[in-house]
Amino acid sequence: MSSRHGIAAGGVPRRTSLRAVHLNSLILEHYRLDDLVGMPFVIFLLRISPNLKDVKISHSNVAAGIGQRLYPHLLDVGEYSDVKLDQLRVVEIKEFTGARNEMRLVKLLLINSPRLEKMVIRAKATACTEQQERMILKELIRLPRPSPIAEIIYE
């Protein structure tokens, strides 16, 4: 969808005069990444906050799957190459299930954070089988990252 329709329509404004240059920490508790507004809003916050040092997201999967079917907003990482997170050092994602948008958000954070030191991903205890967790971990390890010291911790 076109970004001119706004976040509520699944678009992420590319140009905005808003800059959150003093924001160095972003914490989103019980946040939905799979609905119409959730993921675009996270991208918008990342785009306007070039000095973020740490990001913590606790994913909420209330009515899991419903939002994905009704309002698919699939994150195309290449579309957000203008998101610059040059100061980002630490990322923590809780209640991780390995859903498409979660994996795409992890990829976006990794490839746009050249100084990233640590990404901690805490899996949702009841979300995956051991085999699914191994597949998620395998995919996480393969993700490209420009930071030579970036460590991914999956627990």
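How are helices α1 and α3 oriented with respect to each other? That is the question I would like to begin with, and I should say at once that what we are looking at is a predicted model.

If you follow α1, residues 38-48, and then α3, residues 100-111, you will see that the two pack at an angle of about 10°, with their axes 12 Å apart. Since angles under 35 degrees count as roughly parallel, α1 and α3 are therefore roughly parallel to each other. On the α1 side the contact is made by Met39, Val42, Ile43 and Leu46, and these meet Asn101, Leu105, Leu108 and Leu109 in α3. Sorted by class, this contact has 7 nonpolar residues and 1 polar residue, with no charged residues.

Let me stay with α1 for a moment, because the helix is mostly covered, with 10 of its 11 residues buried. The buried residues include Gly38, Met39 and Pro40 towards the start of the list, and also Phe44, Leu45, Arg47 and Ile48. As for what covers them, the buried residues of α1 pack against β1, against β2, which spans 54-59, and against α3.

From here I would like to turn to a loop residue, Leu85, which lies between α2, residues 66-70, and β3. Is Leu85 buried or exposed? Leu85 is buried, with a relative accessible area of 0%. Leaving aside residues up to four places away in sequence, Leu85 touches Leu46, Ser49, Leu52, Leu109, Asn112, Ser113 and Pro114. Two of those names, Leu46 and Leu109, we have already met in the contact of α1 with α3. Leu85 and Leu46 are 39 residues apart in sequence, yet their C-alpha atoms are 7.6 Å apart in space.

Finally, a word on two backbone conformations that deserve a look on the screen. His30, which is found in strand β1, residues 25-31, has a positive phi of about 50° although it is not a glycine. Glu95, found in strand β3, residues 90-96, is also a residue other than glycine with a positive phi, in this case near 65°. How exposed is each of them? His30 is exposed, with a relative accessible area of 61%, whereas Glu95 is partly exposed, with a relative accessible area of 33%.

So, to return to the opening question, the picture I would leave you with is of α1 and α3 lying roughly parallel to each other, with Leu85 from the loop between α2 and β3 touching Leu46 and Leu109, among other residues.

Technical notes. Residues are numbered from 1 along each chain as its sequence is written. This is a predicted model: local features need pLDDT of at least 70, side-chain atom pairs count only at pLDDT 80 or more; totals for chains, interfaces and linings use all residues. Side-chain values use heavy atoms; hydrogens and water are left out. Axes are lines fitted to C-alpha atoms, for helices over the stretch in contact, and angles run from 0 to 180 degrees between N-to-C directions. Helices (H or I, at least four residues) and strands (E, at least two) are DSSP runs, numbered from the N terminus. Angles under 35 degrees count as roughly parallel, over 145 as roughly antiparallel, 65 to 115 as roughly perpendicular and the rest as oblique. Contact means heavy atoms within 4.5 Å. Ala, Val, Leu, Ile, Met, Phe, Trp, Tyr, Cys and Pro count as nonpolar, Asp, Glu, Lys and Arg as charged, and the others, Gly among them, as polar. Buried means under 20% relative accessible area, exposed over 50%, partly exposed in between (1.4 Å probe, protein chains only).
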